[in-house]
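Thank you all for making time this morning. I would like to take you through a structure that you may not have seen before, and I will go slowly, one group of residues after another.

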Amino acid sequence: MARPVGMPWSANSGTTARSKHEERRSLNAIPYLALLSALMGLVLAGYFYRNVKAAPPGNDRMVHLMVEIQKGARAFLRQEYAWVAVFVAAMAAVIGILIAPTAALTYVIGASLSAAAGYAGMTVATMANARTTNAAQDGPGKALPIAFRGGAVMGFSVAGLALGGLALVYILFVLVAEVDKAFEVVTAYGLGASSIALFARVGGGIYTKAADIGADLVGKVEAGIPEDDPRNPATIADNVGDNVGDVAGMGADLFESYAGSIIAPIALVAFALGLSAEQATVGTNLSLLSFPLAIAFAGMIASIIGSFLVRGGESTDSRALSKALHAGTNVAMALTVVATLGIAYWLFGDNPAFDNPFGLAVAVIGGLVVGWALGKTAEFYTSDHFGPVKRIADQARTGPATTILGGISAGMVSVAASVGLLVVGVAVAYWGGEMAFDSIGSLDGGIYGIAVAAIGMLATIGVVVSVDAYGPIADNAGGIAEMAELDPSVREVTDALDSLGNTTAAVAKGFAVGSAALTALALFKSFEFAVAQAGGTLSLDVGQVEVFIGLFLGAMLPFLFAALTIDAVGRAAQKMIEEVRRQFREIPGLREGLEGVSPDSARCVAISTKASLREMVAPGILAVAIPLVLGFISIEVLGGFLAGALVTGFCLAIFMANAGGAWDNAKKYIESGNLGGKGSDPHKAAVIGDTVGDPFKDTAGPAMNILIKVMTIVSLVFASAFVG
């Protein structure tokens, strides 16, 4: 039975007017608690920064390499942000004119904080790499904590700035100023974060994979020299790419995912019930709007606690390292589950508008468990401890073609498992929401349950990103060990850490793309309500020709987007390969490693920088421009377009991320001494497979989850303009 909107808090519960007022006031404190927890996360990031900085960076050669990587990464990010700033300024002007000046302001705030988080994480990652290498001389027990703490600066910068910025925007524009179009203003914050994430992921992904492919194909396959050999001109560019793509780009990606997962249920409630800022603190509305921020608060505290539980052991076995690295994540998830139960009872237990307060806790916990399961599925398909990667490595014995076929099939099979898990998650979340309440006004309990399930997936984002950002630091540490010509035992330690990093990256991508699907669904429903509020109508009847056309256009776009980004990597890599070949050919003694002969690494850095900045523009603008154009032509076409893009975008993201991770670890499995080891024919075939997988897992694949959300959130922010 539908319940009235804005039912007074604790109606008919027998409480006094004073206790009702005190209860409401305590719920109004939730955004402030979320802001406080975000500040605590930033303080922890500062603590880990000082901890990493205090560790010795090693000898002069290691310091020199670290500085070169830092210089390249900073130069790229400065140029990238300068390019993106033009786009942000143009979008802010459009939003200010068509929506509201305050929405333009929050858009800029979201974009600025996302860029700041990426820059902070990159800065510390490029400090932590040499320090991890130096610690690896004393074994993994010393190296793993430094790499993790370096990643934790990224993790808690992302979590703290994303949650802190959103809480501050909510407090200022909804609770204090009570501006017109308050919830469109809050949603614009998420659009700002999405804008930076899109360009950072695409630009950084093109950079890192162009350098990686050039270094691998010419160095490993043609020249027959080890990975990260100091003779290879592309090695420094490759290590720079790890930081701008897999740290700064990944950070912006998960910043946007986290902010979007909190905004989605808030927007859903606001647009479904037609709330103004004044109605945001009324009874039932207050509890529904506060719940996402309360879960984010609990997840932040749990992540902070979990981050202190990561301890390194003395074994280089990846299972032991994985157990040590994931200890913090597992504890944070357990604490979040307990806190979610308490929060659900606190917010909904004494309100007769809700049948069962624990229904929404079930939805959140279901999302968290499914996110974890998606990560474990990714681990199964990308870790060399399991059958899929070992089969791909075995297929490398018969050449590159069978290696590539094996990776493609493994990635495709992983889509089936991941979609199955997502469907279960949606069903559980919908059931939990329906258990909590049937409907309140136009707000369906099941849809609200799906929206908050996305927060469950990303509630522990601080420690999840810490584990993910650990990977590029470990990868850089291995490169520095090779280029500094340290004892081979050091490279064994860093290789063990790096192999685990490939798996943790796949796990984080599973969380991100799973939350993207749920968040996009909630934002899509909010878009439907926003269109209705503006006086328009939206039908998803596929029998209507407009919807049918939109559905196919949406299904097509992720393929086009992936093609553009993979092509961009191919073109940039081609220039890199030609440059590396030229230097081997024209610099006497370089390939032979004569003393005093060094490559021109700066030229390779410049090639990757120039190519990636130029190539990122078309895919980035495409993702924003197409929904705007379609929205002004036909709402029905846009509705079908968003639905088609959501489904194919999710499946492509899973396929490419897991296929790429599987190829990468199949190569590393052979390099660890199996099937002939380094330099063998299976190794050369596996390197080619890994090269195909590079843009899959680090460029096109991760950009998919941003693509499906940025198009939906653009549509939501501009819904009133489309109808008008």
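I will begin with charged pairs, then turn to a surface patch, two loops, a tryptophan and the aromatic rings.

Please keep in mind throughout that what you see is a predicted model. As a general point, side chains of opposite charge can pair when their charged atoms come close. Searching the whole structure for such pairs gives 22 salt bridges, and I will pick out a few of them.

Let me start with arginine 571, which forms a salt bridge with glutamate 615, with 2.8 Å between the closest N and O atoms. Arginine 571 sits in helix H16, which covers residues 545-586, while glutamate 615 belongs to helix H17, residues 601-615, so this pair ties together parts that are 44 residues apart in sequence. As for their surroundings, arginine 571 is partly exposed, at 39% relative accessibility, whereas glutamate 615 has a value of 12% and therefore counts as buried, the limit being under 20%.

Staying with helix H16, we come to arginine 582 and glutamate 586, which lie four residues apart in that helix, or about one turn. These two form a salt bridge as well, their closest N and O atoms being 2.9 Å apart. Both residues fall into the middle class of accessibility: arginine 582 is partly exposed with a relative accessible area of 23%, and glutamate 586 is partly exposed with 46%. Glutamate 586 also forms a salt bridge with arginine 585, where the closest N and O atoms are 4.0 Å apart. Arginine 585, at 59% relative accessibility, counts as exposed.

Which residues are linked in a network of salt bridges? They are Lys209, Asp212, Asp664, Lys667, Lys668, Asp690, Asp694, Lys697 and Asp698. I would like to dwell on one of these, aspartate 664, which is found in helix H19, residues 635-671. Aspartate 664 is buried, with 5% relative accessibility, and its side chain makes a polar contact of 3.4 Å with the side chain of lysine 697.

Now let us leave the charges and look at the surface. Val545, Ile549, Leu553, Met556 and Leu560 together make a nonpolar surface patch of about 400 Å². One of them, leucine 560, brings us back to helix H16, and at 36% relative accessibility leucine 560 counts as partly exposed.

Next come two residues whose backbone angles deserve a careful look. Lysine 181 is not a glycine, and yet it has a positive phi of about 50 degrees; you can find lysine 181 in the loop between helix H5 (140-176) and helix H6 (182-223). Lysine 181 is partly exposed, at 39% relative accessibility. Leucine 675, again a residue other than glycine, has a positive phi near 55 degrees, and it lies in the loop between H19 and helix H20 (681-717). Leucine 675 is partly exposed too, with 31% relative accessibility.

On the way to the aromatic rings, please find tryptophan 431 in helix H12, residues 400-436. Is tryptophan 431 buried or exposed? At 51% relative accessibility, tryptophan 431 counts as exposed. Its C-alpha is 7.6 Å from that of alanine 363, although the two residues are 68 residues apart in sequence.

Finally, the aromatic pairs, of which the structure holds 19. In one of them, phenylalanine 48 and phenylalanine 308 are tilted, with 5.8 Å from centre to centre and 40 degrees between the planes. Phenylalanine 48 lies in helix H2 (residues 30-54) and phenylalanine 308 in the loop between helix H8 (283-307) and helix H9 (318-348), so this pair ties together parts that are 260 residues apart in sequence. Phenylalanine 48 is buried, at 2% relative accessibility, whereas phenylalanine 308 is partly exposed, at 36%.

Another pair, phenylalanine 632 and phenylalanine 722, is edge-to-face, with centres 5.0 Å apart and 90 degrees between the planes. This pair also links distant parts of the chain, since phenylalanine 632 is in helix H18 (residues 617-633) and phenylalanine 722 in helix H21 (residues 719-723), 90 residues apart. Phenylalanine 632 is partly exposed, at 46% relative accessibility, while phenylalanine 722 is buried, at 8%.

I will end with a group of rings: Phe291, Phe348, Phe354, Phe437 and Tyr448 form one aromatic cluster.

Definitions and conventions
Residues numbered from 1 in each chain as written. Predicted model: local features only at pLDDT ≥ 70, side-chain atom pairs only at ≥ 80, totals over all residues. Heavy atoms only, no water. Salt bridge = Lys/Arg side-chain N within 4 Å of Asp/Glu carboxyl O. Buried < 20%, exposed > 50% of the residue type's maximum accessible area, 1.4 Å probe, protein only. Patch = residues over 30% accessible without salt bridge, like charges linked within 9 Å, V, L, I, M, F, W, Y side chains within 5 Å. Areas by Shrake-Rupley, 256 points an atom, 1.4 Å probe, with all protein chains shown as cover. Polar contact = N/O pair within 3.5 Å; in protein donor to acceptor, adjacent residues only side chain to side chain. Phe/Tyr/Trp six-rings, centres within 6.5 Å; stacked < 30°, edge-to-face > 60°.
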